[in-house]
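What follows is a guided reading of one chain, to be taken alongside its sequence and its coordinates. Please keep both in view while going through the paragraphs below.

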Amino acid sequence: MPHVPASAAGTAPAPARNDSGPDADAVEPVAINGFELLKELGHGANGTVYLARQIALDRRVALKVLSFEKAADPEFVKIFLSEARAAAQLNCPRIVQAISAGKTADGRPWFAMELVEGGNVEDLLAANGKLPVHEAFRIAAAAAEGLEYAWENAHFIHGDIKPANLLIRRADGAVKIADLGLAGPTSHRRGPAMGTPMYAAPEVILPDMGERDCRSDMYSLGVTLYEMLTGSAPFSGTPAVIMEYHLHEIPKPIIRLMPDLPPELADFIDRLLAKRPEDRPGSWSEVRQILADAADATAELPNPAAQETPPHQPRRNRLLTGGAIAIALTVAAAAATVIWRFCF
């Protein structure tokens, strides 16, 4: 992609047309309101993520631009902009920070955010099968710290905690929570539920199971921790089957898979995965402290490595890779209408 700086007034020049590939009629911007686009980092059904340079401060950022199709969908634009607004309200080192937002010259919304150079937990699991016990608890404790901040300061629920949304900065191993597009205050909890079925709490799938609040994110973090420790999420199958399992099936106790895990930690993970929100921990402070203590306590435990789940084998949650869904369940039918929301 050519490097064309923005004008002194901060407006984008005429965009360049893509003359090859299936999207030959699409128009790609080369600069956006004070940001020089350096290269494409990723492309999906929703749009494109670029590595960009904020010209005024000479710093690199990640910049999302919606596709033409999604930019024409008011509901999707609302979700997209909610990520920027949520990130802007949450000033925490454990949460990817918002920098700026606006529209391109052709009317597509964009959102610039902190660039986290590294990978995510899903990448680590794909490469290693499972994580060292200490590392799994360290990552979970850091995520709990960010989620505690969001809840205590804004009563925000993330809504889609999963390995792909926990970024690991390469330079120092810092954990950052990403993808706040589903985040919102508790007032949103009675609206349409969205999330990724592999990690969705029962009350997210079926509102009769309880109110959605911070304990819904605790459940999702519990599923993520279970997967980090064992190499597999508690349930597998089609989205409909997984949701049914979340509602009615008890996961295999983690102590059976990890007999060396301290029993109190195994019991704690079982609490995170309780079907009823009231049976889960009562506060993020409690969760964060237990996870931080667990990271310290397990520093000397043997590393299980990835002997049982070789890297070349497909992981069970690959069934849902690249997708998040909006779930609308009726109590009478107990059936789901699944709408895929592809990630960038």
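In this predicted model, a convenient place to begin is histidine 155, which follows helix α4 and has a positive phi, near 50 degrees. The helix that precedes histidine 155 runs over residues 133–154 and so comprises 22 residues, and the distance from its first C-alpha to its last is 31 Å, close to the 32 Å expected at 1.5 Å a residue. Helix α4 is one of 10 helices in the chain, which also has 16 strands.

Before going further into the strands, it is worth considering how much confidence the predictor assigns. The mean pLDDT of the chain is 78, with 74% of the residues reaching 70 or more. Over residues 1–27, however, the pLDDT is below 50, although the model gives this stretch 50 contacts beyond near neighbours in sequence. A second stretch, residues 187–192, also stays under 50, and for these residues the model has eight contacts beyond four places in sequence. Where pLDDT is low, the predicted coordinates should not be read in detail.

Turning to the strands, six of them form an open sheet, with antiparallel pairing, in the order β3-β4-β5-β6-β8-β7. Its edges are formed by β3, at residues 31–32, and β7, at residues 98–103, each of which pairs on one side only. Within this sheet, β4 (residues 35–44) and β5 (residues 47–54) pair in the antiparallel sense over eight bridges. Glutamate 36 stands opposite arginine 53, the latter being in β5.

The cysteines offer another point of orientation. A disulfide is a covalent bond between the sulfur atoms of two cysteines, and the structure holds zero disulfides. Cysteine 92 counts as buried because its relative accessibility is 4%, under the 20% cut-off. Cysteine 214, at 7% relative accessibility, falls under that cut-off too and therefore also counts as buried.

These two residues can be set against the chain as a whole, in which 49% of the 344 residues count as buried. The accessible surface of the chain comes to about 15400 Å², and carbon and sulfur atoms account for 53% of that area. As for how the chain meets itself, among contacts with a separation of 6 or more, 63% are between residues 24 or more positions apart.

Terms used:
Residues numbered from 1 in each chain as written. Predicted model: local features only at pLDDT ≥ 70, side-chain atom pairs only at ≥ 80, totals over all residues. Heavy atoms only, no water. pLDDT = per-residue confidence, 0-100. Contact = heavy atoms within 4.5 Å. Pairing = 2+ DSSP bridges. Helix = DSSP H or I, 4+ residues; strand = E, 2+ residues; numbered from the N terminus. Disulfide = S-S within 2.5 Å. Buried < 20%, exposed > 50% of the residue type's maximum accessible area, 1.4 Å probe, protein only. Expected span 1.5 Å × (residues − 1). Areas by Shrake-Rupley, 256 points an atom, 1.4 Å probe, with all protein chains shown as cover.
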